Structure formats: C-alpha cells, structure tokens
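Please open the model in your viewer and keep a selection panel at hand. The tour below moves from one selection to the next and says what is to be found at each stop.

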Amino acid sequence: MTRAAKFVYLGALIVGLLAGACAEFYQDFPMFKESQESTDTMVPLAVTDYWYLQYKYSDPNDAKAALSSSAGLVEEMFKANPRTKPTGELGEIYAHLAILSDAANNPEQSSAYLIEARSWWTNPKGAAISDDDLKAAVKKIDDRVSH
Amino acid sequence: MKKRGPIGVWFSVAIAIFAMSWWVGATAGKRLAVYWVRHEQKQQEAKYGPERVHLDAELDELFAVSFLRIFVVYDLESKTNSEKTLLGAVSDLQYLADHPNPADLKPVIDLELGIADVKAAAVEEQDNNRDLAESYMKSAQAIFQSLGWRDTSEENLKNMMNIEFDRFDAPLPAEGGTK
C-alpha cells in the first residue's frame with residue numbers, strides 16, 4: 001500500500017467517523033431531549049386514569065387516597081417544571097376531592113379543596129363561578145366522559 | 001515510465017471505509033446523544049436533590065406503564081399479533097407491579113394491570129380458552145378488591161372496560177376489534 005493510499009484511507013476513516021457521529025448526534029439529540037422533556041412535563045396518562053377510575057369505582061377512602069397522592073405527584077411535577085401540562089388537571093383533582101368531602105358531610109374541607117382547585121384553574125373571562133356551579137361542571141364532565 | 005496507482009480501486013476502498021466508519025460514527029453519535037440527555041438529567045437531579053431523583057424515577061416508571069397501556073387498549077390489525085402484544089403487556093405490567101420502583105407507585109401499576117387482566121380475560125373468552133379467561137378475571141378481581149372497588153363482579157368489570165375503553169375511542173374485543 002502506497003503512502004498516498006494510506007493517507008486517503010485514514011482520511012476516509014476519520015471523516016466518516018466524525019461525520020456519522022455528528023450527523024446522528026445532531027439529529028437524535030433534540031428528539032431525545034424533547035422526549036425527555038415531555039416525560040417531565042406531561043402528566044402521565046396512568047396517573048390521570050388512576051385518580052379518575054379510583055374516584056369513580058372505589059370506596060371514598062381509597063378514592064381520596066388516590067386523588068391526594070395524584071395531587072401530590074402533579075404538584076411535585078409543577079414544582080420541578082412549571083411548564084407541566086395540562087395545567088387544569090390539579091384543579092380537577094381538587095374539585096373531585098371537594099365533591100368527596102361534600103359526600104362525607106365535611107363542608108369546611110370541601111371549601112378548602114375548592115380554593116385549592118381555583119388556584120390551579122385559569123379563568124380567561126375572569127367571570128366568578130360559584131362553588132356549586134364549579135362542582136356541577138366537574139360532575140357534568142365526568143358524566144360526559146362516562147357515556 | 002513510472003507506473004500509476006489504481007485510482008478506481010483506491011476510490012472504492014476509500015468509499016467502503018467511509019461508509020463503514022460513518023455507520024460506526026452514527027452508532028456512537030446516537031449513544032452520545034442518549035448519554036448527553038441522561039447526563040443533563042443527572043445534573044438537574046444533582047442540582048435539585050433527592051426529591052428530584054424520586055420524581056424522575058416515578059415519571060420514568062409511569063411513562064413505561066402509560067406506554068404499555070397502548071398495547072392493552074388498542075387492537076392491531078392482526079388478531080394474533082394483537083393478542084401477543086396484549087399478553088406481552090400483561091406480563092410486563094405484572095413484572096412492574098411485582099417490582100414497583102418507587103414502591104409508592106404500586107397502586108397505580110396495579111390498576112393498569114387490573115385493566116389489562118380484564119381485557120386479556122375478554123380475549124381468552126373469545127378464543128374459548130375458558131380456564132385462562134377465568135384466571136385473568138380472578139386476578140383482575142383480586143387487584144380491584146385490593147384497590148377498594150365497590151363492585152368487583154365479572155359483569156361490572158366487563159362493563160367498566162366497555163365504558164373506559166370507549167373513553168379512548170378504542171375498539172372493544174366484544175365487537176371483534178372492528179369498531
């Protein structure tokens with residue numbers, strides 16, 4: 001093998017390695033990063049299912065435990081990353097906790113949960129919604145989802 | 001007269017070396033990208049402490065569970081493949097439920113496993129595998145009982161599956177996966 005051939009082959013090897021590595025890195029890195037970010041900022045479907053199905057089908061105590069632990073997890077997500085979505089999910093969870101408290105004849109706790117729920121909902125029109133209307137709206141959404 | 005080198009052979013060999021080293025480089029580049037994303041995640045965890053490590057572990061596990069849900073809810077075009085992926089998902093969910101990481105995710109994973117068991121029972125019943133169907137249904141009933149469900153009768157669980165799967169606009173096994 002001549003010196004020139006060695007030079008050409010070595011050049012092909014180095015350029016191939018660098019070009020392949022750079023091309024793949026710059027193609028994959030944003031994709032992996034986005035995937036990681038969506039894992040960090042999207043409330044997982046398994047959590048939504050968990051609190052919703054437990055609320056719907058389990059005993060009030062188990063339902064409350066599921067809602068509270070889900071609220072804790074989603075709040076942690078918001079704390080770690082304020083871009084977490086959907087923003088209204090925590091509002092929904094606290095509204096369901098308020099409905100459970102009403103069923104358990106605990107209006108004070110229900111009001112506290114509703115205050116928490118409101119703090120996670122944004123009302124673009126700025127219109128005041130009464131507690132009863134808010135709970136009725138949440139129940140209506142549940143009924144619509146169930147049928 | 002001096003003899004000249006075979007340029008064509010040189011060129012072909014150089015192209016082959018280039019292509020192979022591109023492939024090796026691309027593989028390394030992909031691994032580097034994964035490493036770099038994980039490295040950045042570890043930096044975040046180090047910055048925010050053990051709570052962040054716990055949260056990341058929870059989210060990774062929940063992402064895996066949510067991903068397996070796809071194979072439970074949605075039917076593939078081929079019935080055989082559909083059943084294979086469903087039973088694979090049931091087995092993976094069973095593993096995750098047996099080894100929850102972190103442990104406080106156990107009820108969330110159990111719920112998903114229960115849903116998968118109900119679907120597996122429906123599929124096995126359609127295939128006239130009554131023993132298997134019964135075994136999956138019993139497993140589902142035990143899970144939902146442990147989760148405090150008010151009614152864990154077979155009829156209610158099947159009804160729940162129909163309602164909740166419809167929520168995802170997914171085909172139901174009872175309709176032969178053709179909804």
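Begin by selecting residues 172-179 of chain B, where pLDDT (the predictor's confidence in each residue, from 0 to 100) stays under 50, although the model has 14 contacts there beyond four places in sequence, two residues being in contact if their C-beta atoms, placed from the backbone, lie within 7 Å. Where pLDDT is low, the predicted coordinates should not be read in detail.

This is a predicted model, in which local features need pLDDT of at least 70 and side-chain atom pairs count only at pLDDT 80 or more, while totals for chains, interfaces and linings use all residues. Residues are numbered from 1 along each chain as its sequence is written, and chains are lettered from A and ligands numbered from 1 in the order in which they are written.

Now colour chain B by confidence: its average pLDDT is 85, and 89% of the residues score at least 70. Confidence is lowest in H6(B), at a mean of 85, and highest in helix H5 (residues 130-146) of chain B, at 95; helices here are DSSP runs (H or I, at least four residues; strands are E, at least two), numbered from the N terminus. For the complex, the predictor gives an ipTM of 0.76 and a pTM of 0.77.

Next, select chain A, which has six helices and zero strands. Its C-alpha atoms fill a box of roughly 90 × 35 × 30 Å along the principal axes. The radius of gyration of chain A is 26 Å, whereas a compact globule of 147 residues would have one near 15 Å (taken over C-alpha atoms, with the globule rule being 2.2 Å times the number of residues to the power 0.38). Of the 147 residues of chain A, 30% count as buried, that is, with 20 or more other C-beta atoms within 10 Å of their own (exposed means 12 or fewer, partly exposed in between, with C-beta atoms placed from the backbone).

Colour both chains by domain, with bounds that come from an automatic or database domain assignment. Chain A gives domain 1 (1-41) and domain 2 (42-146), whose C-alpha centres lie 47 Å apart. Chain B is divided into domain 1 (7-48) and domain 2 (50-175), and 38 Å separate the centres of these two domains of chain B. Four residues from domain 1 of chain B and four residues from domain 2 of chain B make up the contact between them.

Which helix gives the most to the side of chain B that touches chain A? Select the interface, where 44 residues of chain B are in contact with 45 residues of chain A, and H1(B) proves to be that helix, with 22 residues. The side of chain B that touches chain A divides into 29 nonpolar, seven polar and eight charged residues (Ala, Val, Leu, Ile, Met, Phe, Trp, Tyr, Cys and Pro count as nonpolar, Asp, Glu, Lys and Arg as charged, and the others, Gly among them, as polar).

Finally, show the largest nonpolar core, a set of buried Ala, Val, Leu, Ile, Met, Phe, Trp, Tyr and Cys residues joined through C-beta atoms within 7 Å. Of its 63 residues, Val47(A), Tyr94(A), Leu93(B) and Val108(B) touch the most other members, and helix H4 (residues 106-126) of chain B supplies the largest share, eleven residues. Centre on Val47(A), which touches Ser70(A), Leu73(A), Val74(A), Leu62(B) and Val108(B), not counting residues up to four places away in sequence. Another core, of seven residues, lies apart from the largest one and includes Leu17(A), Ala21(A), Phe18(B) and Trp22(B).
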